[in-house]
Amino acid sequence: METKLGVYICTGCGLGDALDIDALAGVATGEYKAPICRQSPCLCGAEGVARIQSDISGEGVNALVIAACSPRVMTDVFEFGPDKVMERVNLREQVAWSHPPNDEDTQMMAEDQLRMGLTKAGEMQPLEPFMAEDLSRRILVVGGGLAGMTAANEAAKAGYEVVLVEKTDELGGYLKDVYKLASSQPPYDELRASPLDELAREVSGRAGLKVYTQATIAEISGAPCLFDVKIRQNGGEAVERAGAIIMATGSVPYDASRLEGLGFGKHADVIAAPQLEAMFKAGAVTRPSNGEPVTSAAFILCAGSRDPEHLPYCSAACCVESLKQAKYFKEANPETPVYVFYKDIRANGNYELLYKQLQKDGVFFVRGTVTSVEDDGSGALVITADDELTRSPILSESVDLVVLATGMVPTSALGEPYKATAPKEGEEAAEVPADTILASNILNLQYRQGPELPALKYGYPDSHFVCFPYESRRTGIYPAGSVRAPMDYSRAVDDATGAALKAIQCVEMVSQGKALHPRAGDTSYPEFFMQRCTQCKRCTEECPFGAINEDEKGNPLPNPTRCRRCGVCMGACPERIISFKNYSVAMIGNVIKNINVPDEYDEKPRIIVLACENDAYPAIDMAGIRRLTFNSWMRFIPVRCLGSMNLVWIADALSKGIDGILLLGCKHGDDYQCHFVKGSELANIRMTKIQETLDRLRLESERVHLEQLSISEYNRIPEVLDAFAARIEGMDPNPYKGF
Ligand code: SF4
Ligand code: SF4
């Protein structure tokens, strides 16, 4: 594209008082030959913006450099259309507000930041959104239980075509076997009827909502708005194109046969909660041992949950399910003795009122760890527990029935390392029956990184506990309900509604060629210069979202609508052939090369800071907003994710004579904060390779440093930057200065 550069420097917000604006303009018009360079006392005001617009329409300016406030603010004001390129130079927060005014070093910093912006603007191309033919806005829902039906119904009500696939012959899922529900509406201390029939009727009769029953997913290929879904049904196969997918395949109860210590499998009258539910639903609550009516019962909560030997997590719904089942007994006969053995009663919110009512109803609550369930010699069962407070053993009265509140295992974990049916140590692995649900055959994704949704923890396919709490690591695929996290019915309804909204967002954004969160609205996407690809597969392996497939020769096959635009692939590619129109290895390399590096006798070291745009860069801005001051040898380069850092930038910087390189990225590890899941972790791994570059150049390893920083740690900015500057000052200047 033929570009005409317009440079606009703001003198408002204290910039004009702190900086020599004419000298800055001289950099633009002199060194960069900018044909248009204007100053404005308030660039974001009506007059300032009108001036820019008149240059665009009258002078043909199509490449804009706005030297003013942080690019994180005034985004709607400085928006001049997708056919222009624009670079914002942060002179306010990161220069004038965080450094002494009218100071030589502050001015040098401002001039360098402007040079860097001018260089980048000169290399950027206008963005053209990725558009393909036959983009679909249809939403596929897999699983016809409460969450699946709710998601499908809500999306259809919002006007979207929906396809719902259910593996059994009717809708309902786990709810089919549920007698009543604990109430999420007043009166909270009473139980309510299951909403299943009404919901299933609504779903089956809703226009635009197509239901496949006795159907499974044979294969899903493609990408958001371009998913091709093969549905296996009655020996045949149907194909549907979908824009987004909601996975609502639920969970299964924890395998009670693994709870022998609680008497399951040993005593016929020790049953799991789903069995009791079915008994009440069928209207026949009898002892399995002899078919006699149940006259007394005990519940054991956390049966397998919150136990490192079984399910380390809280299954979230079983306390309230047991309270509900205790209520069944009291509703049937208020005189029935009922015991509840618990570690904690987790009846949050209004469920507390049901708990309180049961106390009034005469249910015996015992806080203790159950140590045994034994026959009392008459066929009845006695429970022994260690009292949580006194540590002394407590014995229950003899009861007819013991009910284990088994936890939930997400279908996304079945057959995977975290298995409900995992063999114990020393046991042979059981053969998996052909019709078993395994995580890997629910969606059958044709993704190079595997057929299932990657799990975050315990087999749950959530993708990020801070940034995307309702998403998976497969763009456009949203787990909902108890497959996403342990939850009760009412939360599953909320979750499913949220997933429907996420799916709608996805089809709306992607059909306009725009990225989803966290770079929502971004229309750039990675392009591959395939002639130089060596089929090393790093990009296909390292993309955190599995966006890139591979052909049989190992060539990457990008799927732009799966892409989150993080640039991790760009950082990974040793051949440097992956680039965005507004972000590339060469572009940032040239930005670095255009920093003015004073020679070694000037005692002015130069440090580049590659700062993650999601956390570190805004933290630096916030430090500036709070007028915290820090060293002025820093030159800030925002990066989409530290994982997009290509090692060649380090080599470029050191060869240019830059004295130190500071990488500021998000926390990684178990409680990682990286917006692109593992980008900062990959940057950390790549750091080990930086040593080779430093050794080759015979430079000290301390010149390159990675610091983890979260957005809320802006108070640490002066300390982190100044400490690194002090370290660099303590070394000799980079000997490559002047080459
Ligand atoms: S930019 Fe990020 S999400 Fe997109 S293909 Fe590259 S690594 Fe994957
Ligand atoms: S990382 Fe680069 S060279 Fe390697 S396969 Fe991907 S595009 Fe090709």
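In the predicted model, Leu-647, Ile-650 and Ala-651 of helix 16 are in contact with Arg-686, Lys-689, Ile-690 and Thr-693 of helix 17. By residue class, this contact between helix 16 and helix 17 comprises four nonpolar, one polar and two charged residues. Helix 16 spans residues 647–656 and helix 17 spans residues 679–696; their axes come within 10 Å and cross at roughly 35°. The crossing of these two helices, 16 and 17, is right-handed.

A further helix pair is formed by helix 6 (residues 146–157) and helix 11 (residues 489–510), whose axes come within 8 Å and cross at roughly 40°. Angles under 35 degrees count as roughly parallel, and those of 65 to 115 as roughly perpendicular; helix 6 and helix 11 are therefore oblique to each other. Helix 6 passes helix 11 in a right-handed crossing. On the side of helix 6, the contact is made by Leu-146, Ala-147, Thr-150, Ala-151, Glu-154 and Ala-155. Helix 11 contributes Tyr-489, Ala-492, Val-493, Asp-495, Ala-496, Thr-497, Ala-499, Ala-500, Ala-503 and Ile-504. Of the residues in the contact of helix 6 with helix 11, 12 are nonpolar, two are polar and two are charged.

Two of the sheets are described here. Strands of a sheet pair through backbone hydrogen bonds, in either a parallel or an antiparallel manner. An open sheet of three strands has the order 10-11-12, and its pairing is antiparallel. Strand 10 (215–221) and strand 12 (236–242) form the edges, each pairing on one side only. From one strand to the next, the twist of this three-stranded sheet averages 25°. Strand 11 (residues 227–233) is joined to strand 12 by seven bridges, and the two strands run antiparallel. Within this pair, Ile-231 stands opposite Ala-238 of strand 12.

An open sheet of seven strands has the order 15-21-16-17-18-19-20 and shows mixed pairing. Its edge strands are strand 15 (270–272) and strand 20 (393–395), each of which pairs on one side only. The twist in the seven-stranded sheet averages 40° from one strand to the next. Strand 17 (residues 338–342) and strand 18 (residues 364–375) run parallel and are joined by four bridges. Val-340 stands opposite Phe-365 in strand 18. Helix 9 (residues 318–332) packs on this sheet, where it touches strand 16 (297–303), strand 17 and strand 21 (401–406). The direction of helix 9 makes about 175° with that of strand 16. Angles over 145 degrees count as roughly antiparallel, so helix 9 and strand 16 are roughly antiparallel in direction.

The surroundings of two ligands were also examined. Around ligand 1 are Pro-526, Cys-543, Phe-545, Ala-547, Ile-548, Cys-563, Arg-564, Arg-565, Cys-566, Gly-567, Val-568 and Cys-569. The shell around ligand 1 divides into nine nonpolar, one polar and two charged residues. With cysteine counted as nonpolar, the nonpolar residues of this shell include Cys-543, Cys-563, Cys-566 and Cys-569. The charged class takes in arginine, and Arg-564 and Arg-565 belong to the ligand 1 shell.

Ligand 2 has 14 residues around it, of which Cys-533, Cys-536, Arg-538, Cys-539 and Cys-573 come nearest. The residues of the ligand 2 shell divide into nine nonpolar, two polar and three charged. Arg-538 is one of the charged residues of the ligand 2 shell.

Key:
Residues are numbered from 1 along each chain as its sequence is written. Chains are lettered from A and ligands numbered from 1 in the order in which they are written. This is a predicted model: local features need pLDDT of at least 70, side-chain atom pairs count only at pLDDT 80 or more; totals for chains, interfaces and linings use all residues. A residue is near a molecule or strand if its C-beta atom, placed from the backbone, lies within 6 Å of it. Axes are lines fitted to C-alpha atoms, for helices over the stretch in contact, and angles run from 0 to 180 degrees between N-to-C directions. A crossing is left-handed if the near helix is turned anticlockwise from the far one by less than a right angle, and right-handed if clockwise. Two residues are in contact if their C-beta atoms, placed from the backbone, lie within 7 Å. Two strands pair if DSSP finds at least two bridges between them.
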